[in-house]
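Welcome to this tour! Open your viewer, keep the selection tool ready, and follow along one stop at a time.

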Amino acid sequence: YVEYVSRFISEVHPDVLSVDYSPHFRPDADGRDGYCQNLEVLRQQSLSAGIPFWNFFNTMPYGDHTDPTEAQLRWQIYTSLAYGAKGVMYFCYWTPAGDEFPKGGGIITREGKRTRHYDQAKRINAALKNLGPTLMKLTNTGVYRVHPKDDSAAVLKGSPIRSLSEGDFLIGTFRHADGRRAVLLNNYHFAYSAWPTVVFDAELVSVVEVDPKTGEETPVVDDSPAMPGLQISLDAGEGRLFLLPAAAKAGVK
């Protein structure tokens, strides 16, 4: 597959590498890891070719695919962003005609009616619109997968995060066009929220978050100040974007 994607780029010379991949979310068929393996190939090949990549993901039920929840939509989007995607696209906006999609369920039905996915996409896209100007200035430098029983400090060695409390996370790391570093912290769960204790490798006063409601850089807020350490709340499938200095400073608060 790596050779296939590499040859596609070298022979077709696309301006954008765009792929369609729909993971399963069924209890008996969890396709999330395969989804991420595909994203890793796209990440590597797009960086090598110097072109952006976009990713289509599933929004509707068809075949043996279940109808995604809003959290599962978020998961597909924020994992794509963690791997450096510059475009995220819903399959489908307008429900296609034909026997393959008997349940309907796209963002818009065949008859032009808005489904529940319309408001879900509207909420998600509002945040992406605000994060977008910063995301477009980032170049991916790595992706780290922290499983619930992992030693997070060992897994995250070399990243801007020194450690996370136990949990299931995906971390994308980036270089900002102005030289700063960036981290997208993603809750790998699509059914549960997460409250990791996060230790950055820089003074906390020098770390900012890109606010998904405004797009502005804001000081990092401890979501559970009564607990020791910095607590970051993450909804199911959600990602949060942080910016750090170009070089780590001594000491961590």
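## Stop 1: The cavity

Begin by selecting Tyr 78, Leu 131, Glu 209, Val 210, Pro 212, Glu 238, Gly 239, Arg 240 and Leu 241, the residues that line the largest cavity. Keep in mind as you look around that this is a predicted model.

Which elements give two or more residues to this lining? They are β11 (208–210) and β14 (239–244). Of the elements here, β14 gives the most, with 3 residues. Try colouring your selection by class: you should find 5 nonpolar, 1 polar and 3 charged residues. The space inside comes to about 30 Å³, and the structure holds 1 cavity of 30 Å³ or more.

## Stop 2: The largest pocket

Keep Tyr 78, Pro 212, Glu 238 and Gly 239 selected, since they are also among the residues that line the largest pocket. Now add Glu 70, Arg 74, Arg 123, Ile 124, Ala 127, Lys 213 and Asp 235 to complete the pocket lining. Two elements each give two or more residues to this lining: α3 (70–82) and α4 (116–135).

How many residues of the lining are charged? There are 6 charged residues, along with 4 nonpolar and 1 polar. The volume of this pocket is about 210 Å³.

## Stop 3: The second largest pocket

Next, select Ser 46, Leu 47, Ile 51, Gly 84 and Lys 86. Of the 14 residues that line the second largest pocket, these are the closest to its centre. About 160 Å³ of space lies in this pocket.

Show α2 and β6 (138–146) as a cartoon, and you will see two elements that each supply at least two residues of the lining. By class, the lining of this pocket divides into 7 nonpolar, 5 polar and 2 charged residues.

## Stop 4: Two helices that cross

Stay with α2 (residues 32–49) and bring in helix α1 (residues 2–12): their axes come within 10 Å and cross at roughly 30°. Is the crossing of α1 and α2 left-handed or right-handed? It is right-handed.

To see where the helices meet, show the side chains of Val 2, Val 5, Ser 6 and Ile 9 on α1, then those of Val 41, Gln 45 and Ala 49 on α2. The residues of this contact divide into 5 nonpolar and 2 polar, with no charged residue.

## Stop 5: Just past α1

Move along to His 13, in the loop between α1 and β1 (17–20). What is notable about its backbone? His 13 has a positive phi of about 55° although it is not a glycine. His 13 counts as exposed because its relative accessibility is 59%, and the cut-off for exposed is over 50%.

## Stop 6: A buried threonine and a cis bond

Now select Thr 59, in the loop between β4 (53–58) and α3. Is Thr 59 buried or exposed? Its relative accessibility is 0%, so Thr 59 counts as buried.

Leaving aside residues up to four places away in sequence, Thr 59 touches Asp 67, Pro 68, Leu 73, Tyr 90, Phe 91, Cys 92, Gly 105, Ile 107 and His 117. Pick out Phe 91 and Cys 92 from that list: the peptide bond from Phe 91 to Cys 92 is cis, with omega near 5°. Cys 92 itself is in the loop between β5 (87–91) and α4.

## Stop 7: A serine in a strand

Select Ser 163, which has its place in strand β7 (residues 161–164). With 22% relative accessibility, Ser 163 counts as partly exposed. Not counting residues up to four places away in sequence, Ser 163 touches Ser 152, Ala 153, Leu 156, Thr 197, Val 198 and Val 199.

Remember Gln 45 from the helix contact? Draw a distance line from its C-alpha to that of Ser 163: the two are 29 Å apart in space and 118 residues apart in sequence.

## Stop 8: Beyond the last strand of the tour

Finish with Ala 246, in the segment after β14. Ala 246 counts as exposed, at 51% relative accessibility. Its contacts, not counting residues up to four places away in sequence, are Gly 179, Arg 180 and Arg 181.

For one more distance line, join the C-alpha atoms of Ala 246 and Leu 39. They are separated by 26 Å, and the two residues are 207 residues apart along the chain.

Note on methods
Residues are numbered from 1 along each chain as its sequence is written. This is a predicted model: local features need pLDDT of at least 70, side-chain atom pairs count only at pLDDT 80 or more; totals for chains, interfaces and linings use all residues. Side-chain values use heavy atoms; hydrogens and water are left out. Axes are lines fitted to C-alpha atoms, for helices over the stretch in contact, and angles run from 0 to 180 degrees between N-to-C directions. Helices (H or I, at least four residues) and strands (E, at least two) are DSSP runs, numbered from the N terminus. A crossing is left-handed if the near helix is turned anticlockwise from the far one by less than a right angle, and right-handed if clockwise. Contact means heavy atoms within 4.5 Å. Ala, Val, Leu, Ile, Met, Phe, Trp, Tyr, Cys and Pro count as nonpolar, Asp, Glu, Lys and Arg as charged, and the others, Gly among them, as polar. On a 1 Å grid over the protein atoms alone, a cavity is a set of points where a 1.4 Å probe fits but cannot get out, and a pocket is an open set with protein on both sides within 12 Å along at least five of seven lines; lining residues have an atom within 4 Å of a point. Grid points are joined across faces, edges and corners, and a volume is the space filled by probe spheres set on the points. Buried means under 20% relative accessible area, exposed over 50%, partly exposed in between (1.4 Å probe, protein chains only).
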